[in-house]
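Colleague: I would like to go through this model with you and ask how each label was earned. Please show it first.

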Amino acid sequence: MAASNDILTDITRNYSLATLLLAWYTTEKRELPWRETGDPYAIWVSEVMLQQTQVKTVIPYYERFLQRFPDIKQLGTASLEEVLTVWRGLGYYSRARRMWEGAHYLLDQRGGKMPKDYEALLLVPGIGKYTAGAISSIAFGQRVAAIDGNVLRVLSRLLAWSEPVETARSHRYFKDHLRVWQPVLRPGDFNQALMELGALVCTPTKPNCESCPLTQVCEGYRQGDVYLYPVKKLKAKRQVVTRLTFVLCREGRVYLQRRPSQGLLADLWEFPGVELSHEGGLNDSLPVVTDDERFKLFQMAVPERTFDGWVREQFKQGLALQGPVWYTFSHRRWKICWVILDLPEPLEPIPSSVSSFRESVGEYRVDAWQDQLTGDNRCWVSLHDLSEIPLPVAFKAIVEDLTDGLSP
Ligand code: SF4
């Protein structure tokens, strides 16, 4: 481990690190839309979108999101449904839901304005330590650290830090150094420069030390050991499960349910289904389930009992399972298999509309959705309107399977 006091007290080195880094950033930084604004709300949106997502993917989403929700008021007064729809395709939907909750908080508690202090920002739902540091330093010029994955990697190499970087102790160690290194002038640029260096030069697998502005102050480089860093904790293995999915079709519509407000894919619509434990590693074999078992699983997945008799009959006809397709979340991998249950006879009229649902949808796409609802958390949706609904990307293959051949 590097001797922290030696590094911390080296004033010349500290001074030169910020100077070198900022000079590099000024000439080499990428022109990105969120770097052309000082609006804390826009910076918030960009920082949330950039979590877990690449810059080039984020740019069109950022522009579309700000066009539709240009400020905190527009975001806080929109329906969650609409926010999720605009977010659709970017993944990790809980980010959008938390930001929407944050906008509500700011409207209720802060007069619709973003606070500039780090501690006050931390009270906003959806704003954690990193985002608070980024907004506070970039939009308000506060001298606060913003440590994301890129910055962790750069710091671990600069300091030749030989402990796992994710621990509280490591964060304290890095923050102690940043407190000394971060300049009074341009503290936000300093944070962004560290992130940019991690994204462009000090990359995970191929750090390009030859073109790095910090070689003369980099301990890892001096030791010739940059590949040893960052040290990471051993990760828990990603859980693999089979997701057996039931696609109910009826009169050109499909049945969707809303997921619970907590946990994976919270609040999103889905084709109902159940998770089965999965023993076969990453092979593509389909689960072997008897008709009776399948029916019981259907009853677990769909609380509504209206279709039971019909569905049991369908299973007796030996419907084939389709798939699988794989979808990977941060801690879980779904092997998605599905069965299409076609309900050709009208069982009972499809209810015309439910006002509470319409209120929750707001003005957006109400025309397409009305006359299709059976309750707040269940709906029948026309196949033509499926693309308008914030369905998780995990179900893309099923949607394509259903809509393939539909006229535009
Ligand atoms: S010298 Fe190499 S290891 Fe050190 S910060 Fe630069 S790119 Fe990273």
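Colleague: Which residue just after H3 takes a positive phi?

Modeller: Glutamine 52 does, with a phi of about 70 degrees. Keep in mind that this is a predicted model, and the angle is computed from it.

Colleague: Where is methionine 49, and why is it called buried?

Modeller: Methionine 49 lies in helix H3, which covers residues 40-50. The label needs 20 or more other C-beta atoms within 10 Å. Methionine 49 has 23 such neighbours, so it counts as buried.

Colleague: Which residues is methionine 49 in contact with, apart from its neighbours within four places in sequence?

Modeller: Val58, Tyr61, Tyr62 and Leu90. Contact here requires C-beta atoms within 7 Å. For leucine 90 there is also a C-alpha figure: its C-alpha atom is 7.9 Å from that of methionine 49, although the two are 41 residues apart along the chain.

Colleague: What makes H3 as a whole mostly covered?

Modeller: The count does: 10 of its 11 residues are buried. Among them are Trp44, Val45 and Glu47, as well as Met49 itself.

Colleague: What do the buried residues of H3 pack against?

Modeller: They pack against four helices, namely H4 (55-68), H5 (72-77), H7 (94-109) and H9.

Colleague: H9 brings us to serine 137. How do you know whether serine 137 is buried or exposed?

Modeller: Serine 137 sits in H9, residues 129-140. Its count is 24 C-beta neighbours inside 10 Å. Set against the cut-off of 20 or more, that count makes serine 137 buried.

Colleague: Which residues does serine 137 touch, leaving aside those within four places in sequence?

Modeller: Its contacts are Gln142, Val144, Ala146, Pro187, Gly188 and Asn191. Separately, the C-alpha atoms of serine 137 and arginine 186 are 8.4 Å apart, with their positions 49 residues apart along the chain.

Colleague: Now the ligand. How many residues surround it, and which are closest?

Modeller: There are 14, the closest being Arg157, Cys202, Cys209, Cys212 and Cys218.

Colleague: Which helices supply at least two residues each to that shell?

Modeller: Helix H10 (149-158) and helix H13 (219-223) do. H10 gives the largest share, 3 residues.

Colleague: What is the shell made of, by class?

Modeller: It has 11 nonpolar, 2 polar and 1 charged residues. Cys counts as nonpolar and Arg as charged in this scheme, so the cysteines listed as closest fall in the nonpolar class.

Terms used
Residues numbered from 1 in each chain as written. Predicted model: local features only at pLDDT ≥ 70, side-chain atom pairs only at ≥ 80, totals over all residues. Buried ≥ 20, exposed ≤ 12 C-beta atoms within 10 Å, placed from the backbone. Contact = placed C-beta atoms within 7 Å. Near = placed C-beta within 6 Å.
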